[in-house]
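Q: I'd like to learn how to read a model like this one, feature by feature. Can we start with how open a residue is to its surroundings?

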Amino acid sequence: MKATDVRAKTIDELSTELEALKKEQFNLRFQKATGQLENTARVRQVRRDIARIQTIMRDKRVGA
């Protein structure tokens, strides 16, 4: 996910995307704990996407 794609979305869209990413992060942590995680790089990618969305959401709220 690129920052330009995230900036084009509204705050409502970002909040739903954030919720989906947090669910995915939980599932990935669960898979890691049970030893079923195959793509370990996805954990880092999801964590960074969450941070990116939170940052842009904050920018939009402060700018509004």
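A: Sure. Start with the cut-offs: a residue is buried under 20% relative accessible area, exposed over 50%, and partly exposed in between. Keep in mind that we're reading a predicted model.

Q: Then let's try one. Is R47 buried, exposed or partly exposed?

A: R47 has a relative accessible area of 47%, so it counts as partly exposed. As for its place, R47 belongs to helix α3, which covers residues 41-63. If you want a sense of distance, take T4: it's 43 residues away from R47 along the chain, and their C-alpha atoms are separated by 18 Å.

Q: Let's zoom out. What elements does the protein chain have, and in what order do they run?

A: There are three helices and zero strands. Read from the N terminus on, the elements go α-α-α. For overall dimensions, look at the C-alpha trace along its principal axes: about 45 × 15 × 15 Å.

Q: How do I check a helix against its expected length?

A: Multiply 1.5 Å by one less than the number of residues, then compare that with the distance between the end C-alpha atoms. With 23 residues, α3 should span 33 Å, and its end C-alpha atoms are 33 Å apart, so the two agree. For α2, which has 24 residues, the expected span is 34 Å and the end C-alpha atoms are 35 Å apart, which agrees as well.

Q: What comes right after α2?

A: G35 follows it, with a positive phi near 80 degrees.

Q: Which residues of α2 and α3 are buried?

A: Here's the general idea to carry with you: an α-helix has 3.6 residues a turn, so residues three or four places apart point the same way. Now the case in hand. In α2, the buried residues are L14, L18, L21 and L28. In α3, they are V46, D49, I50, I53, I56 and M57.

Q: And what do those buried residues pack against?

A: The ones in α2 pack against α1 and α3. The ones in α3 pack against α1 (3-7) and α2. Across the whole protein chain, 19% of the 64 residues count as buried.

Q: D49 catches my eye in that list. Why does D49 count as buried?

A: Because its relative accessibility is 5%, and the cut-off for buried is under 20%. D49 sits in helix α3. Setting aside neighbours within four places in sequence, D49 is in contact with M1, L21 and R42. You can also place it relative to E17: the two are 32 residues apart along the chain, with their C-alpha atoms 9.7 Å from each other.

Q: Can we set another aspartate beside it? Where is D5, and how accessible is it?

A: D5 is in helix α1. At 43% relative accessibility, D5 counts as partly exposed. Its C-alpha atom is separated by 24 Å from that of T40, which is 35 residues away along the chain.

Q: How do I read contacts by their separation in sequence?

A: Take the contacts between residues at least 6 apart in sequence, and ask what share of them join residues much further along. In this protein chain, 70% of such contacts join residues at least 24 apart.

Q: How many aromatic pairs does a search of the whole structure find?

A: One. It's F26 with F30, a tilted pair: 6.4 Å centre to centre, with 35 degrees between the planes. Both lie in helix α2 (residues 11-34), four residues apart, which is about one turn of the helix. On accessibility, F26 is partly exposed at 47%, while F30 is exposed at 52%.

Q: Last one: what about the surface and the charges?

A: The protein chain exposes about 4,900 Å², and carbon and sulfur atoms supply 49% of that. As for charge, count the side chains of each sign and then see where each set is centred. Here you get 15 positive and 9 negative side chains, and the centres of the two sets lie 7 Å apart.

Methods
Residues are numbered from 1 along each chain as its sequence is written. Side-chain values use heavy atoms; hydrogens and water are left out. Helices (H or I, at least four residues) and strands (E, at least two) are DSSP runs, numbered from the N terminus. Buried means under 20% relative accessible area, exposed over 50%, partly exposed in between (1.4 Å probe, protein chains only). Rings of Phe, Tyr and Trp (its six-membered ring) pair if their centres lie within 6.5 Å; planes under 30 degrees apart count as stacked, over 60 as edge-to-face and the rest as tilted. Contact means heavy atoms within 4.5 Å. Accessible areas come from the Shrake-Rupley method with a 1.4 Å probe; for residues, only the protein chains shown count as cover. Lys and Arg count as positive and Asp and Glu as negative; His and the chain ends are not counted. The place of a charge is taken as NZ of Lys, CZ of Arg, CG of Asp or CD of Glu.
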